[in-house]
Amino acid sequence: MVVIILTIVLGLVMISMAVTALTAQRVRAAVLASGIVSLIASIIYLLLAAPDVAMTEAAIGSGLTTIIFFYVLNKIRRSDV
Amino acid sequence: MYKNMFIIVLLAGLGILLGSFLLTHHANKALPELPAYYADKTASEVGAANVVTAVIVTYRGFDTLGEVTILFVAASLIAMFLKTSKAPKDRHPRPSSVILSTAQKLLFPLIVLFGVYVFTNGHLTPGGGFQGGAVIATGFLLLLMANPQAEFKHGLLNFIESISGTSYVIIGILGAILGLGFLDNRFMSLGELGTLFSAGAIPVIYSLIGLKVGAELSNILHHLNEVQNEA
């Protein structure tokens, strides 16, 4: 029961973060919000007894993808100016 | 206006679709035929304690080979498009904070060690080659964030990557010659279920995949880092 409630709460936070990622004015905030979506998704995978997927999601979805977004963002800013 | 209406209609349709799935869904207590086969036969047939790993490396081994190939193609394309000039760079990135560089010195070996643990124990505990490789790449990412001017040995990374990729295919072919089929793990002794040296060739294959994925992702990150300060 606790797991179900926790999953629902995490899911709501995840949806709000996804909306933030879509509507945020600053791109940096949007990238961070999408990273948090992946992080919460990995916790939910763990709660749903899929630790293998949770590890991949945490390492690639929230770790590497966020940083690659930042690298590309930095590069775009530089060539724009 | 029409765009918003379209989005609302789309969301409502999706909601009705998923809602009807949820209402008509009833949990099946018994496993369907294929999962039941995997759950019952893995321990005796493949000898891996982690059923997910057994499915990924042996039962669906050919798919994994395809995934590794896709990652290899992606890494090669990134290396091709982000080719940096050989000329010495005059980069002056902002020095990273003391906290980050001190923490990096402590954490980098631990993260790499954890990645190696994840892929060598892929047949026993959750995780495996892809997860372990990604963890190792995050270690290298921390290194790059603490010292943006760090130079990796590209030759070494490429060597590790190509050697492990080739060995993976060779082990697959050995499985076809000595065992029952391509990527069969039973040409090596299965050992005792639950020990490190068990499950035949699975630990070897997963370690090779881990090294390959780790080297590829680190290479991608290094290429992205290198082009940051170019004009």
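## Two chains, a bent helix and a shared core

Going from the N terminus, the elements of chain A follow the order α-α-α. That adds up to 3 helices and 0 strands in chain A. Keep in mind as you look around that this is a predicted model.

How much room does chain A take up? Its C-alpha atoms fill a box of roughly 55 × 25 × 10 Å along the principal axes. A compact globule of 81 residues would have a radius of gyration near 12 Å, while chain A comes out at 15 Å. Buried residues make up 20% of chain A. And if you take the contacts in chain A with a separation of 6 or more, 42% of them link residues 24 or more positions apart.

Now for where the chains meet: 13 residues of chain A are in contact with 15 residues of chain B. On the chain A side, the residues that touch chain B sort into these classes:

| Class of residue, chain A side | Number of residues |
|---|---|
| Nonpolar | 8 residues |
| Polar | 3 residues |
| Charged | 2 residues |

Next, have a look at helix H5 of chain B, which covers residues 98-120. With 23 residues, H5(B) reaches 33 Å from its first C-alpha to its last, close to the 33 Å expected at 1.5 Å a residue. Where does H5(B) bend? Find Leu107(B): the helix turns by about 40° there, and Pro109(B) follows within four residues. The buried residues of H5(B) are Val112(B), Gly115(B), Val118(B), Phe119(B) and Thr120(B). They pack against two other helices of chain B, H6 (129-146) and H8 (202-226).

In soluble globular proteins, nonpolar side chains tend to be buried together. Here, the largest nonpolar core has 43 residues, and among the members that touch the most others are Ala134(B), Phe140(B) and Ile202(B). Helix H3 (51-80) of chain A supplies at least two residues of this core, and so does each of H3, H4, H5, H6 and H8 of chain B. The largest share, 12 residues, comes from H8(B).

Two residues of chain B are worth a closer look. Not counting residues up to four places away in sequence, Ile202(B) touches Ala48(B), Thr53(B), Val57(B), Thr58(B), His123(B) and Asn185(B). Then there's Pro203(B), which lies in helix H8 of chain B. Is Pro203(B) buried or exposed? It counts as buried because 25 other C-beta atoms lie within 10 Å, and the cut-off for buried is 20 or more. With that same sequence limit on neighbours, Pro203(B) touches Thr120(B) and His123(B). Pro203(B) and Thr120(B) are 83 residues apart in sequence, yet 5.8 Å apart in space, C-alpha to C-alpha.

How values were computed:
Residues numbered from 1 in each chain as written. Chains lettered and ligands numbered in written order. Predicted model: local features only at pLDDT ≥ 70, side-chain atom pairs only at ≥ 80, totals over all residues. Expected span 1.5 Å × (residues − 1). Bend = angle between axes of the 7 residues up to and from the residue. Buried ≥ 20, exposed ≤ 12 C-beta atoms within 10 Å, placed from the backbone. Contact = placed C-beta atoms within 7 Å. Core = buried A, V, L, I, M, F, W, Y, C linked by C-beta atoms within 7 Å. Nonpolar A, V, L, I, M, F, W, Y, C, P; charged D, E, K, R; others polar. Rg over C-alpha atoms; globule rule 2.2 N^0.38 Å.
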